[in-house]
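Have your viewer open and a selection prompt ready. We will take a short walk, one stop at a time.

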Amino acid sequence: MSNVIKRSSKFTYFTIPVFVIILIGLYVLPSKLDFSYQIKFVDLFVLIIIATMWNLLAGFGGLVSVGQQAFIGIGAYSLVFFTDLKGQSVIVAMVCAVIFSGLVAIPLSFIVFRLKGGYFAIGTWVLAEIIKLIIVQIQSLGGGAGISLGAFAEIGRADRIKMVYLLALAVSVVILLGTFLLMRSRLGLALTAIRDDATAAGTLGVNVSLAQRTVFVVVAMGFAAAGSLIALTNLRVQPDDIFSVNYSAIMIFIVVVGGLGTIEGPILGAILFFFLQERLRDYGSIYLIILGVVAILSVLLAPRGLWGLITRDKVSLFPTRYFISKKREG
Amino acid sequence: MIWTNAILQGLLVGGLYALLASGLSLVFGVMRIVNLGHGDFSILAAYLVLIVAGHSNLWLGTIAVLPIMALLGYALQRSLLNRALSLGVLSPLLITFAFSIILQNALLKIFSSDTRSIQTESLGSASLKITESISVGYLPLITFFVGVILTLTLHVFLTRTQLGRAMRATSDDPTAAELIGINNRHIYGLATGIGLFAAGIAGILFGMRTQFSPSLGPVALIFAFEAVIIGGLGSLWGTLVGGIVLGIGQSIGAQINPAFGVLAGHLVFITILLFKPQGLLSKQRGT
């Protein structure tokens, strides 16, 4: 008897064909669907993006933040800035927004990384508030009233929505594959080690602060992409909405209920949340109360989330961990 | 002269921030939990006073609400947070964040987003004239002294009483504390109870001073947190100093430009975090 260490389970072999089929399906979908449904899909993609990014930060990186709306806001405002004020095309503006957000995240990380644990969480929240306060002061970005996106003025509604749909789909694929590859890389291993025990990881030669800073910056870029997609769908950016802490509540709910620390969990959670939102939207503030209660129950009773409950940790479609199985020799 | 006035008013507001922060600081000191719902709990207390005082006397209302807050804290700790603590560092954080979201939206549902204030009749407007151009309100003055008294009381409680010593023992080493017969779960419950009691005092005084609405919870949490960090983790007196420094920073900022007050406070916080991350008063014995 000897132990065999594998990364994949037998379910993994289904992943690639199924993933490709779903992708092709989602790619041809807009030509079959009314655009009110396409917009709903964009919402779902945005949910998957922000949940996957928060999960990368907290579930894999061990950095619990309640201030990632800072980067959603930076992404949304940068998109408006680069399209309307600088005259760039939507795609160029989006790339600029993502890069800008990453650049902003570097100095910000030096501020919040002085804080640990719960105080890190509030620290990120303060950053989001500060960035909002600064943007409200900038008159060319509309101040407190917000600013409308004019880049689409000449494009028809159907074409616009189809373009946003395809952009959102592309970003989701990049984010999911990127997270998957990152977690299988050396950095992913370092992050997992840091999350489990930062001191021990450090003594084993992991550069703890560099690894965490890298993930913080990468995640900031992902949130900026989500933010620019939100701006492209809503066609308007308002400081109080785009920097709302409710975004944090939503992404945390999705990840916690779906399954923290897995790639599948946030996707499952996002789909669940998407349908929950459709049903509960009319109830206003009650719906956030229900989310809070469900999140508490989930943390206490099912800490591995829905994905963990369903699969009992034995199945992995996007294998980032190692499985040990006993194998008889000869 | 306007600067002297700004500093004086800032100092008095600082007393309120210190009050808000002391509960946060104590709970963190004892069990390393940061209660992300702390600000919302203090706003809850202000609304509770509004309900109780609507039927009877204001001071009676205050006296009735504070024990409710303490009981609520004890109950939440014993029922949910102790369990979460055993699941790792992430769980308590997620649960207190859920508290924040639930409370804020429940208050929004019940009381709407309209601003309210606790009417204090003559006390709200009465002030003490120091010179021709400087006068201080009685209410800010009372708030400041309540802040100082609460810090002093907590200090005496933690250093001079049996229970306070047990709390510090649990904070230093929960396993060893358990070995010598301390019931950690009870101690944690008491800490959160005291934390919400203090949050309640702060919220009620806050509601008497200015208008409030359900969305102010996160703001209160952020100011409390900045006071804790400016003062230095684990130091009650540091928290008082931190609150005062934050209050003065905001007040001077607002004097320069009314829209700049809160931002100036944040800048003070960031400056301290970058150049003196251990806080103005570094950790001392006591908490």
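The tour below goes chain by chain and then turns to the side where the chains touch. Keep in mind throughout that this is a predicted model.

**Stop 1: chain A as a whole**

Select chain A and show it as a cartoon. You should find 14 helices and four strands. The radius of gyration of chain A is 20 Å, close to the 20 Å that the globule rule gives for 330 residues, so chain A is as compact as a globular protein of that length. Align the view to the principal axes and the C-alpha trace of chain A spans about 70 × 50 × 40 Å. Colour by burial next: 45% of the 330 residues of chain A count as buried. If you draw a contact map for chain A, look at contacts between residues at least 6 apart in sequence; 80% of these join residues at least 24 apart.

**Stop 2: a helix crossing in chain A**

Now select residues 35-60 and 246-258 of chain A, which are helix H2 and helix H11. At what angle do H2(A) and H11(A) pack? The angle is about 75°, and the axes are 9 Å apart. Angles of 65 to 115 degrees count as roughly perpendicular, and H2(A) and H11(A) are therefore roughly perpendicular to each other.

Show side chains at the crossing. From H2(A), the contact is made by A:Leu47, A:Ile50, A:Ala51, A:Trp54, A:Asn55 and A:Gly59. H11(A) brings A:Tyr247, A:Met251, A:Ile252, A:Ile254 and A:Val255. By class, the residues of this contact between H2(A) and H11(A) divide into nine nonpolar, two polar and no charged.

**Stop 3: an enclosed helix in chain A**

Select residues 69-85 of chain A, helix H3. Its 17 residues reach 23 Å from the first C-alpha to the last, close to the 24 Å expected at 1.5 Å a residue. Is H3(A) largely enclosed or largely open? Of its 17 residues, 15 are buried, so H3(A) is largely enclosed by the rest of the structure. Just after H3(A), click on A:Gly87, which takes a positive phi of about 70°.

For a contrast in setting, jump to A:Leu23 in helix H1 (residues 12-28) of chain A. A:Leu23 has 13 other C-beta atoms within 10 Å and is partly exposed. Try your distance tool from A:Leu23 to A:Gly144: they are 121 residues apart along the chain, and their C-alpha atoms are separated by 40 Å.

**Stop 4: chain B as a whole**

Switch to chain B, where there are 11 helices and two strands. Following the sequence, the pattern of chain B reads α-α-α-α-β-β-α-α-α-α-α-α-α. The radius of gyration of chain B is 19 Å, close to the 19 Å from the globule rule for 287 residues, so chain B is as compact as a globular protein of that length. Along the principal axes, the C-alpha atoms of chain B fill a box of roughly 60 × 45 × 30 Å. Buried residues make up 54% of the 287 residues in chain B. Among contacts in chain B with a separation of 6 or more, 76% are between residues 24 or more positions apart.

**Stop 5: helix H5 of chain B**

Select residues 138-160 of chain B. At 1.5 Å a residue, the 23 residues of H5(B) should span 33 Å; the end C-alpha atoms are 32 Å apart, which agrees. Among its buried residues are B:Pro140, B:Phe144, B:Leu150 and B:Leu158. Which elements do the buried residues of H5(B) pack against? Highlight helix H1 (2-31), strand E2 (135-137), helix H6 (162-172), helix H8 (184-209) and helix H10 (236-256) of chain B.

**Stop 6: two loop residues**

Zoom to B:Arg32, in the loop between H1 and helix H2 (38-55) of chain B. B:Arg32 is not a glycine, yet has a positive phi of about 60°. With 15 C-beta neighbours inside 10 Å, B:Arg32 counts as partly exposed.

Then go to B:Ser112, in the loop between H4 and strand E1 (127-129) of chain B. B:Ser112 also has a positive phi of about 60° although it is not a glycine. B:Ser112 is exposed, with 12 other C-beta atoms within 10 Å.

**Stop 7: where the chains touch**

Finally, show both chains together. Here 33 residues of chain B are in contact with 30 residues of chain A. On the chain B side, helix H3 (58-85), helix H4 (90-111), helix H9 (216-231) and helix H11 (261-275) each supply at least two residues. H4(B) gives the most to this side, with 13 residues. Colour the side of chain B that touches chain A by class, and you will find 28 nonpolar, three polar and two charged residues.

Conventions
Residues numbered from 1 in each chain as written. Chains lettered and ligands numbered in written order. Contact = placed C-beta atoms within 7 Å. Nonpolar A, V, L, I, M, F, W, Y, C, P; charged D, E, K, R; others polar. Rg over C-alpha atoms; globule rule 2.2 N^0.38 Å. Buried ≥ 20, exposed ≤ 12 C-beta atoms within 10 Å, placed from the backbone. Axes fitted to C-alpha atoms, helices over the stretch in contact; angles between N-to-C directions. Parallel < 35°, antiparallel > 145°, perpendicular 65-115°, else oblique. Expected span 1.5 Å × (residues − 1).
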